Structures are given as structure tokens and as C-alpha cells.
Amino acid sequence: MVAPALKQTWAVMGVLLNIFGQGMVLSFPSILLPAILSPGSEIKADLHVASWVASCVGISSIPALLISSFLMDWCGRKKSHIIFIIPGIIGWTLIYFASNITVLMLGRVLCGLTAGSTVALGAVVIGEYTSPSNRGMFLNLKTTAVCFGNMTVHIVGNYLVWKYVALVALVPHIAAVLIICTWPESPAWLASKKRFKSSEKSFYWLRGADAESRREIGELVRAQKERLTETKSTSMSKKISEFYNNFTRRDFIKPMIVMIFCGLLLEACGRHIFPAYALQIVKEVTGNSTDSFYYTLGIDLIISASALFSSALVKVLKRRTLLFTSGFAALFILACVCLYLYLTANGIISKDKPWIPILLFSVYFILSNLGCTPIPLALLGELFPLAHRGVGSALSGIIFSLFLIVGMQVTPFLLVSVKVYGSFAFFGSAMGVALVVLCFILPETKDKTLQDIEYYFNFGKFNEYVTDNDEEVKVKMISH
């Protein structure tokens, strides 16, 4: 008998391999843009065109998120995941064969379709397929997978031209599809389609059949039956009215406000900006193009290790504790590095110690990858109730994509106009605003079931359960 934790790990591997491929998509501009901007390049581009090559993945992810919200509710989590990985496979193939900027951008757009559609879908899958005790760790591993994808591009790109890196990037997507084919369908989706027996079978396959699992599937089935009973008793006009009223419900608006500031925090901390422009940033900071690869590789290793460590920490620490402790500490370090770079740029102190800003950046990325990067992505799979999960995740993903587009678009111009210190001061200010707001609106979700989190956003309180002779009894309501 295979342990439920191993089955959950196997299922999550399909998501993580695809997310690994997304990391390669996001960091690909770091090796692609210098190549196409060079005078001897076969494919010609100026700074304006190059910025669009980098940011077009964010633009294409917006329609993908809308379509994914429909497909994940219509045909299930498993089939929709397979469908949305296919554009990424085609996109990397087009990039390999590209001989002009049009085909190159088309390939990037298709890769963006896969990245955008599966960032929310992957979070939903992990949230629904894994137990509350493992959910935070698995959701944080998404960030680790992206970091390893970033690092892979930087390493492989140092030895291979960008066309061959595109071929390497096909491997994780193909492997992900093969694993996803072995999944059961999501228990939550099956329950929402009134397939309760299939839902229980899938749930017990993934989670086992202990008392806690029986309580959770019982709560899920009960909630869906109540919702379906309410739906049956209403007319079509009332159903349409209720559909629009859903967007004014507490359990939709409150999570959405949280996700807006999570998206701002995710981009402002440099999550996608640094991998895309890592070589250029490190080159300016150190003033040495020869060693910039090794400095970048060192930072990549540190970022990946800290993201992996965060996946272990989230099993021990509360989400809020980890986010705000590491977040405000990272903000302080970022202020220090910006001040140091400003002083060196203006000749107030010497530039002959490049290891100082590199060390400060390393500490900053360690801290930001403990909380600011993984927790916003983890919350994407936790906060929205089943009734709004498709639409809520899609709208959150669109907001994330808009922040990504803005970040990717303005960064090359910021680096030219206000240098590295000004660019990170700008993003650091936005990061500080996001952290302060989240202090007041973010609930603690550690070890809470998805049903418990839904109850919190409706009533402002969590359910508390105690075990008595293997039966779960609801004993009281406690405030957050």
C-alpha cells in the first residue's frame, strides 16, 4: 500500500515540473536579450523591441488565465492542465526554429499562455490534492521549482546558444504531461459536479481514510450538497443575478483584496525581474562582465536554497510570522544595498569592493525568498472558496500578470535612467506598501482546511475542532 503522502508528492511533481519550465520561461530573456541586441545577431532588435520580447509572456498570460478559469471548472483540473501545457511545448519549438523577431515573439507568447494558465491552476491543484499539513510545503515548493528553472537557464545558457536552451526547456513540460496523465481527478471538482462517490474515492486515494480525512471530505460533500440544493430551488433569472452577486460576496472580495497586494509584493521583491535581467544587473554592480556569470550563479544557488528552506520552514512557522519577519528584514537589507550603490555611483565611497553589494543582494534574496516570494503564490491556492476558485484564481493571476508586464517593461528603462540603486529603491518602496497593508488584512491559514478558510472570510472567524473517540465535534468558534 502506497502512503498517501507519496501519492500526493507524485501528483504535485506534475505541477512542479511544469512550474520548473515556467522558471525557464521567465529567466530566458537574461540570455536571449543580450544575444539579439548584439550587433552581429541574426535576429535584430532594439531596446524597445527587446523589452516587448521579455514582457509579452505577461500579456499572453491574461487571456490564458480567463480561459483556464472556464476550462478548470468545465472539464476538470486534470484535463485542463494537460491542454494548457501543449502551447508551451509548441512555443519552445518555435523559439528553436525562429529566424526572425515575429516567430521568436510568437514562441514567447505561447510559452506565456502555458505559464499564465497553469500558475493559478497549479496552485488550485496543490490546494485540492494535498492535506492541510502538507499543503503549505507543496505550495512553497512551486517557488523552489521556479528558482531551479531560473538557475538552469543561467547555467545552460553559459555553455549553449539560446536556441539549444529552448530544446532543453521542452523536457520538463513533456515530463509533466506524462505524470498528469496518471492523476485522479480533483475531489473538490468532482463534488462540485455532484459526483460524490467519485469524489470520495479520489479523496481517499490521495489522503487515506483516517478520521481527519473523513471529516474533511464530509465537510466538502455537505457544503456542496447545500449549495446545489439552493441552486435547484431558484429560477434562471435568479441564478444569473446570483452569479453577478457572487462578485460582491465577502468570501470573494476579501481574498481578492489580499491577492492584489500579494501580487504587488511578489513583483516588487524582484521575483521575476531579477532572473530576467540578472546578468545585466550583476555586471553593472560589479563592473566586471567576465565574472558576472559566476556571481549570478552564486546568487541563483542562494535563492534556490532559501526557497527550498522556506518549504521546510512553512511546516513549522505560521504564514504571517514567516512573511512579515523575513519581509521587513529583506526591506531593510535592500535599503542598505541601494544606499551603498548610490554612494559608489556618486564617487562618495570606492567601487573597489564589489563583493559588498553582491553579499547584500545575496542576503536580500535569501530573506525575500523565505516569505515574500513563496507565500503570495501559496495563498493563490488557499484563499478562494470552491464556488469562486476558478474565477478568483484567474482574476488573481491576471492581476499578477499585469504587475509582471509593468515590471518587465519598466525595468530596462529604469536600469538605464536611474541605474540599479534607483530601480531597486523604486521596487522596494512598492514592496514596503504591500507588506504594511497585508499586516492588517492577511489571515493565518497554516493547517486550516479550505472549508475553514472559506468560513473565515464569510464570518471573520475560524472553526475549531477537537477529536473525541475518533469523531470530530465542532466545539466553538474562535476569532483569528
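A cavity is a set of grid points where a 1.4 Å probe fits but cannot get out. The second largest cavity of this predicted model has a volume of about 140 Å³. The report first describes the chain as a whole and then its internal spaces.

**Overall form**

The chain contains 21 helices and two strands. Its radius of gyration is 23 Å, close to the 23 Å that the globule rule gives for 480 residues, so the chain is as compact as a globular protein of that length. The C-alpha trace spans about 70 × 50 × 45 Å along its principal axes.

Of the 480 residues, 57% count as buried. Among contacts with a separation of 6 or more, 78% are made by residues 24 or more positions apart. The chain exposes about 19,400 Å², and carbon and sulfur atoms supply 68% of this area.

**Cavities**

The structure holds four cavities of 30 Å³ or more. In the largest cavity there is about 270 Å³ of space. Its lining comprises 21 residues, and Gln22, Leu26, Ala115, Val119 and His272 lie nearest its centre. At least two lining residues come from each of α1 (4–27), α3, α5 (101–129), α6, α13 (250–268) and α19.

The second largest cavity is lined by residues that include Gly127, Glu128, Phe203, Arg207, Glu216 and Arg389. Two or more residues of this lining are given by each of α5, α9 (187–192), α10 (196–207), α11 (211–232) and α21 (450–459).

**The second largest pocket**

About 450 Å³ of space lies in the second largest pocket. This pocket is lined by 22 residues, with Pro34, Tyr277, Leu279, Gln280 and Lys283 nearest its centre. The elements giving two or more residues to the lining are α2 (29–37), α3 (47–74), α6 (132–159), α14 (273–286), α15 (292–313) and α19 (389–417). Of these, α14 gives the most, with five residues.

**Composition of the linings**

The table sets out the three linings by residue class.

| Lining | Nonpolar | Polar | Charged |
|---|---|---|---|
| Largest cavity | eleven residues | eight residues | two residues |
| Second largest cavity | five residues | three residues | four residues |
| Second largest pocket | twelve residues | eight residues | two residues |

The lining of the second largest cavity thus includes four charged residues. Glu128, Arg207, Glu216 and Arg389 are among the residues that line this cavity.

How values were computed:
Residues numbered from 1 in each chain as written. Predicted model: local features only at pLDDT ≥ 70, side-chain atom pairs only at ≥ 80, totals over all residues. Heavy atoms only, no water. 1 Å grid on protein atoms, 1.4 Å probe; cavity = no way out; pocket = protein on both sides within 12 Å on 5 of 7 lines; lining within 4 Å. Points joined across faces, edges and corners; volume = space filled by probe spheres on them. Helix = DSSP H or I, 4+ residues; strand = E, 2+ residues; numbered from the N terminus. Nonpolar A, V, L, I, M, F, W, Y, C, P; charged D, E, K, R; others polar. Rg over C-alpha atoms; globule rule 2.2 N^0.38 Å. Buried < 20%, exposed > 50% of the residue type's maximum accessible area, 1.4 Å probe, protein only. Contact = heavy atoms within 4.5 Å. Areas by Shrake-Rupley, 256 points an atom, 1.4 Å probe, with all protein chains shown as cover.
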